[in-house]
Amino acid sequence: RVDVVTFGETMGLFMPMGGKDIAHSTLFEKSFGGAESNVAIGIARLGYTAGWCGLLGDDPIGRHIGKVLRGEGVDVSQVRFLTDANTGLMLRETISGRSAVYYYRKHSAASLMSPADLNEAYITNAKILHITGITPALSDSCHQTVLRAVEVAKSQQVKVCFDPNLRLKLWPMNQARPILLELAKMADYFLPGLPELRLLYQTDDFAEILEHVQALPGATIIKGGANETYVHECGKITVVPHVRVERPTDTVGAGDGFCAGFIVGLLKNKSLAESAHLGNVVGAIAVGSPGDWEALPTWEKVEQALGARNHIER
Ligand code: KDG
């Protein structure tokens, strides 16, 4: 049994080296990424157990992903490797601080996931199920898998964390909106960014956004406000200050770092505001190197950042 179960698509990631664009680079750094496996790695590094479930292609990238996740301490006992579908890929370039992602993931192994792939006891034995809005965008069977996983979790009081992770390159807003809003209503902890809420509720008016959030049955933690994180629980809003990062290297994965830190806060029985602060600390450390998950901290690093432990160089 693991503390946290999550599932979704993890893809090979190729990034041009030396600050070049994809078209002109001849050298690429190879990694991999997937919002849910990034969160699982983050949780494992912080000292808790996380299981990532998903389908990978039985190909060099898929096998590499499986090995590295296992090496990071993520439980991959529920992962299956398909011989008749490939692991998805993505390319990412960052030019003048702006990233652009190109997906090669249609009909990937992960998109074939269906409710039959879920080990329901694995979910009900966990404390938290973490899902994202990327998975329902992949295929109808993936959407059904997310709904079934939530239903299974809720039947046994397993808490559900939901990060909408809106990806407009995967589906148009009018298709995404009803599905993401339905999942937001089912979640115990809804973890959107402010720009996502503007698009979901079709308003830039912050007061109006808060009204929508207050109507949700669970708690909402709004990451990425102008300078702060907003925590809504039972009608009460708490403001948690951001953790400043002077020069981020790669901001992709910051939200996943936030989720990992926040979930670990919950597992440590911290308050929602304290958990959100932990999320901010982990997210701020996560942006320190290229790649989605490589810079995610250990608990020791978090303690250093919180000033609770000194860094001894040698
Ligand atoms: O949050 C980072 C993710 O966006 C990245 O790992 C890729 O999962 C991914 C996706 O579908 O965009």
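## A four-stranded sheet

In strand 7, Phe14 has Leu91 as its bridge partner. This is a predicted model, and that pair is a handy way into its sheet. The link belongs to the pairing of strand 2 with strand 7, which is parallel and runs over three bridges. Strand 7, covering residues 89-95, also pairs with strand 8, this time in the antiparallel sense and over seven bridges. Put together, four strands make an open sheet with mixed pairing, in the order 3-2-7-8. Strand 3 (28-33) and strand 8 (98-104) sit at the edges with a single partner strand each, so one side of each has no neighbour in the sheet. On average, neighbouring strands here are turned by 25° against each other, direction ignored.

As background, strands of a sheet pair through backbone hydrogen bonds, and they can do so in a parallel or an antiparallel way.

## The hairpin, and a helix across the sheet

How do strand 7 and strand 8 connect? They form a hairpin with two residues between them. Ile95 in strand 7 has Arg98 in strand 8 as its bridge partner, and Met90 stands opposite Tyr103 of strand 8. In the turn, Ser96 has a positive phi of about 45°.

Helix 2, residues 60-71, lies across strand 2 (11-16), strand 3 and strand 7. Against strand 3 the helix runs at about 65°.

## Around the ligand

Which residues come closest to the ligand? Of the 13 residues that surround it, the closest are Tyr103, Arg105, Arg167, Asp256 and Asp292. Tyr103 is thus a link back to the sheet: it is the residue in strand 8 that stands opposite Met90.

Oxygen atoms of the ligand have several polar partners. A polar side-chain atom of Arg167 lies 2.7 Å from one ligand oxygen. For Ala35 the polar atom is in the backbone, 2.9 Å from an oxygen of the ligand. Asn38 uses its side chain, with a polar atom 3.2 Å from a ligand oxygen. As for cover, the protein takes up 94% of the 320 Å² of accessible area that the ligand has on its own.

## Asn38 in helix 1

Asn38 deserves a second look. The residue lies in helix 1, residues 35-45, and it counts as buried because its relative accessibility is 0%. The Asn38 side chain also makes a polar contact, at 2.8 Å, with the side chain of Asp256, and Asp256 is itself among the residues closest to the ligand.

Leaving out residues up to four places away in sequence, Asn38 touches Gly33, Asp256, Asp292, Trp293 and Leu296. Asp292 in that set is another of the residues closest to the ligand.

## Thr10 and Phe81

Is Thr10 buried or exposed? With a relative accessible area of 1%, Thr10 is buried, since the cut-off for that label is under 20%. Thr10 sits in the loop between strand 1 (4-7) and strand 2. Its side chain makes a polar contact of 2.7 Å with the side chain of Ser37. Beyond residues up to four places away in sequence, Thr10 touches Phe32, Gly33, Gly34, Ser37, Trp52, Leu56, Ile65 and Thr87.

Phe81, in strand 6 (residues 80-82), is partly exposed: its relative accessible area is 36%. Once residues up to four places away in sequence are set aside, Phe81 touches Leu56, Gly57, Asp58, Gly62, Arg63 and Gly66. Leu56 turns up in the contacts of Thr10 too. Gly47 is 34 residues from Phe81 along the chain, and the C-alpha atoms of the two are separated by 27 Å.

## Positive phi in two loops

A word of context first: most residues other than glycine have a negative phi. Gln157 has a positive one, near 60°. Gln157 is found in the loop between helix 5 (140-155) and strand 10 (159-163), and with a relative accessible area of 64% it is exposed.

Cys234 is not a glycine either, and its phi is positive at about 45°. The loop in question joins strand 13 (228-233) and strand 14 (236-241). Why does Cys234 count as exposed? Because its relative accessibility is 78%, and the label applies over 50%.

Note on methods: Residues numbered from 1 in each chain as written. Predicted model: local features only at pLDDT ≥ 70, side-chain atom pairs only at ≥ 80, totals over all residues. Heavy atoms only, no water. Pairing = 2+ DSSP bridges. Axes fitted to C-alpha atoms, helices over the stretch in contact; angles between N-to-C directions. Contact = heavy atoms within 4.5 Å. Near = heavy atom within 4 Å. Polar contact = N/O pair within 3.5 Å; in protein donor to acceptor, adjacent residues only side chain to side chain. Areas by Shrake-Rupley, 256 points an atom, 1.4 Å probe, with all protein chains shown as cover. Buried < 20%, exposed > 50% of the residue type's maximum accessible area, 1.4 Å probe, protein only.
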